[in-house]
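Here is an informal walk through one structure, from its helix packing and sheets to its salt bridges. Keep the 3D view open while you read.

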Amino acid sequence: MDPGPLQVLTVATAPYQDQRPGTSGLRKRVCVFQTRPYYLHNFIQSIFFSIDLRERQGSTVVLGGDGRFFNKPAIEVIVQMAAANGVGRVIIGHHGILSTPALSCVIRKYKAIGGIILTASHNPGGLEGYFGIKFNLANGGPAKEAITNKIFQISRTIEEFAICPGLRVDLRTVGKQSFDLENKFKPFKVEIVDSVESYANLLRNIFDFAALKELLFEENQIKIRVDAMHGVAGPYVKRILCEELGCPANSVINCVPLEDFGGQPPNPTYAADLVEDMRSGLWDFGAAFDGDGDRNMILGRNGFFVSPSDSVAVIADNIFSIPYFQQTGVRGFARSMPTSAALDRVAKATKIELYETPTGWKFFGNLMDAGCLSLCGEESFGTGSDHVREKDGLWAVLAWLSILAARRQSVEDILKDHWLKYGRNYYTRYDYENVDIDTACEMMEDLEILITEKSFVRQRFAVEDKIFQVEKADNFEYTDPVDSTISRNQGLRIIFSDGSRIIYRLSGTSSEGAIVRIYIDSYEQHNVFQDTQVMLSPLTTIAVKISQLHHRTGRTGPSVIT
């Protein structure tokens, strides 16, 4: 018996004051979403209210996540609310799985008005872990600050949400589903799509899969080791690297997405098993991804580490190893302000425009949409190009493999040749995690007052046999060359006369407490084969002394060094 059209309800709610999205969306402990009444519903309704009703009516929205705990219950609620808010079609990855770069790809392919990504990226999963929600726009990229601010303001005053509670979606079967709703003239549609295929097809049109297959499968193949860390990248790695490019099954590990990522944070910096495997000398190339597949870490034989800043610079210098750029040309390079200046040196040598932006992929997306940018990267293990509007871990791996196929050198030799050609930017980042928010903010305010005093410029700091003179100090401000929007307070910079930099930032993606980050960047033209921490020790001493960070926070050292 036909139960008839599904009922659409308007439910009263009360607002929360803590739903401000960071640079990567709203991230909270799972228990917050589970125990606070309508916490998820409020934020999703705020997203829909931020979209003009005329745009929403009959539109397409893409939905997926990294498979972490609470992913499927959240998908059910979001689909029910999308139907009640006038959305005409929701496209969902099979089993609710879509990597962040794949979701960007699907948004662009289906000309959706946007997409909702369910991920807390590299933060721990499971019942005791974190859950996150990020809204992407029609270009496939993260929502701009004006839109996330609008969502936040709506969330602070929201009084009701719309939902179709009887709507149930089968995530297990690829295909189309249709639902009749009361007072709706057209059925609401849900389309479950293969999580990998659209994205894999995009990569086939970017890289030379025949050349990569020869590198990985034919005679004289290189041996690779790739760790998906039980995140969303697993199905993509298996399909593309193993099934398409012929890598042996033991080349890829931890490829089944798990709700708790196997009990470890899905963060490349914690890929201890991979690092240990690479140190054995059995593998020529190694890579790891984070929970939602947008970050990457690159390793060479014997555990040789490629910093993200060096990685994007090497890709830039070898960019025509990738057929896509042979066809499109190179429009520009970009890096986030805290990322080392290694990319700048390639841009200068190749006479290609270089953009320095605040942290956050949305700034790159604006340049890409304007046709100004082809390749970009961030120091936080993010690399990508204009094929999508998100950083893309697997794209970066295939870019590196393309370079290896073209040059037939080891990862270490390629990087060392790069340093001999351009010099080396020694670079590190110190993270002080879970610092009291008030303490962190007061420290940053006092530090800004100190470094922006006129007398601070030209000051000299001596450590051991090194003397550093301040040439410039400011709070980084960015004027977007596309739309002239101004982004202020993007990080405190101290720039020395030799080009060395100290940067201080509060992280925009902390889940609880504050993360104080110090970035150290120092260029050497000839002395390029030394230990990074030894070379940066004088600047590190200066950075801690100027900020009084250890005294102000009670910490004796950073939580994480990368």
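In this predicted model, the buried residues of α7 pack against α5 (100-110), α8 (209-216), α9 (233-244) and α15 (393-407). The residues doing that job in α7 (residues 197-204) are Ser198, Tyr199, Ala200 and Leu203.

Leu203 turns up again in the largest nonpolar core, which has 77 residues. Leu203, Phe207, Leu241, Phe285, Trp395, Leu398 and Leu401 touch the most other members there. Helix α15 supplies the largest share of this core, 11 residues. Leaving aside residues up to four places away in sequence, Trp395 has contacts that include Tyr199, Leu203, Phe207, Leu375, Thr383, Gly384 and Ser385. There is also a second, separate core of 45 residues, with Phe48, Ala74, Ile75 and Leu167 among them.

Some of those Trp395 contacts sit in strand β18 (residues 382-385), where both faces are covered: Gly382 and Gly384 are buried on one side, Thr383 and Ser385 on the other. Strand β18 pairs antiparallel with β17 (residues 375-378) over four bridges, and Cys376 stands opposite Gly384. The two strands make a hairpin with three residues between them, and Phe381 in the turn has a positive phi of about 65°.

Now for the open sheet. Its five strands run in the order β11-β10-β12-β13-β14, with mixed pairing. Strands β11 (252-253) and β14 (304-306) are at the edges with a single partner strand each, so one side of each has no neighbour in the sheet. Strands β12 (residues 285-289) and β13 (residues 296-300) run antiparallel and are joined by five bridges; Ala287 has Ile298 as its bridge partner in β13. Helix α10 (residues 272-279) packs on this sheet, touching β10 (224-227), β11, β12 and β13, and its direction makes about 20° with that of β13.

On to charges: the structure holds 33 salt bridges. Three of them are set out here.

| Salt bridge | N to O distance |
|---|---|
| Arg54 and Asp52 | 3.0 Å |
| Arg225 and Asp277 | 3.1 Å |
| Glu356 and Arg501 | 3.7 Å |

How exposed is Arg54? At 74% relative accessibility, Arg54 counts as exposed, while Asp52 is partly exposed at 35%. Arg225 in strand β10 and Asp277 in helix α10 are 52 residues apart; Arg225 is buried at 14% and Asp277 is partly exposed at 21%. Glu356 in β16 and Arg501 in β25 are 145 residues apart. Arg501 is buried at 6%, whereas Glu356 is partly exposed at 22%. Both belong to a network of salt bridges with shared partners, which also takes in Arg335, Asp344, Lys472, Asp474, Arg493 and Asp521.

Technical notes
Residues numbered from 1 in each chain as written. Predicted model: local features only at pLDDT ≥ 70, side-chain atom pairs only at ≥ 80, totals over all residues. Heavy atoms only, no water. Buried < 20%, exposed > 50% of the residue type's maximum accessible area, 1.4 Å probe, protein only. Contact = heavy atoms within 4.5 Å. Pairing = 2+ DSSP bridges. Axes fitted to C-alpha atoms, helices over the stretch in contact; angles between N-to-C directions. Core = buried A, V, L, I, M, F, W, Y, C linked by side-chain atoms within 4.5 Å. Salt bridge = Lys/Arg side-chain N within 4 Å of Asp/Glu carboxyl O.
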